[in-house]
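Let's go through a protein model by asking why its parts get the labels they do. Have the structure open and follow along.

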Amino acid sequence: MATVELFLLVSLSLLIISTTSRTIHSSHPSSAPHGHVLNGLDATDFTYVCNPEWFTSLGLDMKAFRFCEKSQPFDARAKDLVDSMTLAEKVAQLGNKAYGVPRLGLPKYEWWSEALHGVSNVGPGTRFDNTSVPAATSFPTVILTAASFNTFLWKSIGNAVSTEARAMYNLGLAGLTFWSPNINVVRDPRWGRITETPGEDPYVVGLYAVNYVRGLQDVEGHEDADDLNSRPLKVAACCKHYAAYDVDNWQGVDRYHFDARVTEQDMAETFLRPFEMCVREGDVSSVMCSYNRVNGIPTCADPKLLSETIRGEWDLHGYIVSDCDSIEVIHHGHKWLDDTEEDAVAQVLRAGLDLDCGIYYTNFTLPAIEQGKAREADVDKALKNLYVVLMRLGFFDGNPAYVSLGKDDVCTKDSIDLAAESARQGIVLLENVNNTLPLSNARYKKLAVVGPHANATTVMIGNYAGVPCRYVSPLDGFSAYATVDYHMGCADVACKNDTFIHHAVQASKRADATIILVGLDLSIEAESLDRTDLLLPGYQTQLITQISNVAVGPIILVILSAGCVDISFAKNNPKISTIMWAGYPGQEGGRAIADVVFGQHNPSGRLPITWYTADYVDKLPMTSMQLRPVDEFGYPGRTYKFFNGSTVYPFGYGLSYTQFNYTLKSTQRSLVTKLVPGQHCHDLTHKSDVYVPPCPAVLVDDLKCNEVISLEVEVKNVGPRDGAHVVMVYFIPTSDYVGLPSKQLVGFERVFVAKGGTKTVKFVLDACKSFSVVTDSAYVVLPYGRHTIMVGDGDGAISFPFDLSFHY
């Protein structure tokens, strides 16, 4: 174990770090005094700062430091700590690698850890070792977990991940601040980071954020403290990347130079909504600003986006951090305003950026202040925001609820089983001709398991993953049910030649059933890599087609991907019995896929993104940010809310091994909103041949917003098997107005119903949240008129008219 390095602030030059590389290189820091040998003392005794023995080991008296007085409120203690520092000492704490102040007993701290779908070793704040914690549970990537439409599951995963994170912190292997989740809305199917996100619907993305963040952060019994700035945290989460960030590297346009030209309407309606939910309802303790510009201004330098909106309007209780090296990107990439390094630092500091993942704050804040471009008071404000979060985490005082966690709390059976169940619940059944699935292991005893993902391991855990507890590949999973004849079919996902197809084809002739596992991986869709088409790579299509021509038994096609794939050729092939999408299903992915195929789990996942046809990419560039269609240019719009073309599979699509019917038990079919005297009405753009009411819409901000409507839906399982089902409720605005969404999801609930049984699901819809729309002037309004509420999708959906009106 390394000893604590006492960093002496002799001069600023000691803090200068080379800026020649965008990658930040840092060894594991001696962050909090834990997990190390300190001056001969066993550091496992020191998992928090304000411990008298820790100060004694440094030759200091803890009683001399007011920031360790536990009777004082956190903000007062944070102020005392900051006020006790010199300017140079303050500056040394502003990067993700905070250097500490030895003379104050303040140790180093590394802010950068990740926990997107399990504790990750991306970022210098977390590591695995071969003695105490060699691995952690790797859950499915977010896009597949989102397909479960199960808010309880999302929170449960967050809770499991934070337990493992706390255990690793106690062992000196992790910090307490995790920069997850990624809650950018999927605007375009080519985006390389879809795997990290909850999909294309801002409401779903926001609910995922709220629940996953609550799972990471909430301490039992303190979920709703009166003073949120003192609410204890299990670990600190971070919602990223704020905002309108969804171009990584497409045809020469990269995230370090991209200027997202976004209407205020789309910002309010789509790009900002999940972040607002994350802050207001999730009480997240951090938000990360993104690399790109929005309408010409780098997000990390925009005071409207940061201090005015996140901290002011939404009332963030926490800190704002840059994406890593974002200030350098502003300076070198965007060359914004031709700023110097000091200018760039001053801009982002004034905008409200508290923490720099990088070295620009550390290197250039002091000269920026000396040059009169920045204020020390802004540094003080940033540090106070940071230290209050660390105090809420117990970094200074400890947290008895988690002190006993250790290596036995990582990779537990419960967490591994939760990872498997998460994958099962997310898997989406797309086709099942003549009820081919589930297979019976009594009848289908010999399987051909073929394709580039047939023996997938690392592919299943995607990116921002750590070291998984284990891998259960599809080959492993199917081997538990039948005798398997495995052939890869393609050398890899790129499948650049047909060398291996023949053996896979021959295997399908000998098998009772053939499982073909194809799709994408991080060489096709990833951070810094966007797609250029929506097709299967290389010879994968030929592999599938040739097998379908000769296979004796049924063919089950399994797609591993994050973004959509145009598999129309397979969907229209009568010899392909079944198609399912398995995302990137995590360490237990093979087990989950096999369990679904053999009926140990009845599939219930729903697509969280639209699956477009391949020609979608020819109709609009990835860099166009507008969501609504433009008919005169042949621009089809984006996401299910605005897209007006044909799809391979729509948002929310998913089949089951059983069937469900809906019956409306009770509904409220009108809502009259009372206006106050003097309240103004707002116009909406309407069609030329329709009646225009005297008051087309009213501002949501002018309403009390305490009105709700309730509806009850009876869900009956009329099929042959028990199963879970996701009930979706949509608001369909009247077609009298122009530019409104074709429909928008306003509620969903996952329920389990035994065969022949029924469950009643009650939805309580907040009128202002569920029925509001955003005007082209970016006003959020409640629209007058006869609208529609629809329960379900497709042929089984039921709907009823719903009237919204106003009176004084």
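Q: What makes glycine 172, the one that follows H5, worth a look?
A: This is a predicted model, and in it glycine 172 has a positive phi, near 75°. Most residues other than glycine have a negative phi.

Q: How do you know whether H5 has the length expected of a helix?
A: Set its span against the expected one. H5 covers residues 151-170, which makes 20 residues, and reaches 29 Å from its first C-alpha to its last. The expected figure at 1.5 Å a residue is 28 Å, so the two are close.

Q: Why is H5 called largely enclosed by the rest of the structure?
A: Buried means under 20% relative accessible area. In H5, 15 of the 20 residues are buried, so the rest of the structure largely encloses this helix.

Q: What makes the link between asparagine 150 and phenylalanine 152 a polar contact?
A: The cut-off is 3.5 Å between N or O atoms. At the start of H5, a side-chain oxygen of asparagine 150 comes to within 3.1 Å of the backbone nitrogen of phenylalanine 152, so the pair falls inside that limit.

Q: Why is asparagine 295 called partly exposed, and what stands out about its phi?
A: Its relative accessible area is 29%. Partly exposed runs between 20% and 50%, so asparagine 295 gets that label. Its phi is near 55°, a positive value in a residue other than glycine. You'll find asparagine 295 in the loop between strand E10 (293-294) and strand E11 (297-298).

Q: Is tyrosine 464 buried or exposed, and how do you know?
A: Tyrosine 464 has 13% relative accessibility, and the buried cut-off is under 20%, so it counts as buried. Here, too, phi is positive, about 50°, although the residue is not a glycine. Tyrosine 464 sits in the loop between helix H15 (458-461) and helix H16 (474-479).

Q: Is glycine 252 buried or exposed, and how do you know?
A: At 67% relative accessibility, glycine 252 passes the 50% mark, so it counts as exposed. Look for it in the loop between strand E6 (249-250) and strand E7 (253-254). Glycine 252 and threonine 263 are eleven residues apart in sequence, with 24 Å between their C-alphas.

Q: How do you know that aspartate 566 has no salt bridge?
A: A salt bridge needs the charged atoms within 4 Å. The nearest side chain of opposite charge, lysine 571, is 8.3 Å away from aspartate 566, so the pair misses the cut-off. Aspartate 566 is buried all the same.

Q: What does the side chain of aspartate 566 reach instead?
A: It reaches the backbone nitrogen of alanine 614 at 2.7 Å. Beyond its sequence neighbours within four places, aspartate 566 is in contact with residues including Leu534, Tyr612 and Val648.

Q: Why are the peptide bonds around histidine 241 and alanine 243 called cis?
A: Check omega. The bond from lysine 240 to histidine 241 is cis, with omega near 0°, and the cis bond joining tyrosine 242 and alanine 243 has an omega of about 10°. Most peptide bonds are trans. Histidine 241 is in strand E5, while alanine 243 is in the loop between E5 and E6.

Q: How do you know that both faces of E9 are covered?
A: Look at each side in turn. Ser286 and Met288 on one side and Val287 and Cys289 on the other are all buried. Strand E12 (residues 319-322) is covered on both faces too, with Tyr319 and Val321 on one side, Ile320 and Ser322 on the other, and all of them buried.

Q: What makes E9 and E12 a pair?
A: Pairing takes at least two bridges. E9 and E12 have four, in the parallel sense, so they pair. Among the partners, methionine 288 stands opposite valine 321 in E12.

Q: Why do E23 and E29 count as edge strands?
A: Four strands form an open antiparallel sheet in the order E23-E24-E30-E29. E23 and E29 each have a single partner strand, so one side of each is left without a neighbour in the sheet.

Key
Residues are numbered from 1 along each chain as its sequence is written. This is a predicted model: local features need pLDDT of at least 70, side-chain atom pairs count only at pLDDT 80 or more; totals for chains, interfaces and linings use all residues. Side-chain values use heavy atoms; hydrogens and water are left out. Buried means under 20% relative accessible area, exposed over 50%, partly exposed in between (1.4 Å probe, protein chains only). A polar contact is a pair of N or O atoms within 3.5 Å; within protein, one must be able to donate a hydrogen and the other to accept it, and residues adjacent in sequence count only if both atoms are side-chain atoms. Lys and Arg count as positive and Asp and Glu as negative; His and the chain ends are not counted. Contact means heavy atoms within 4.5 Å.
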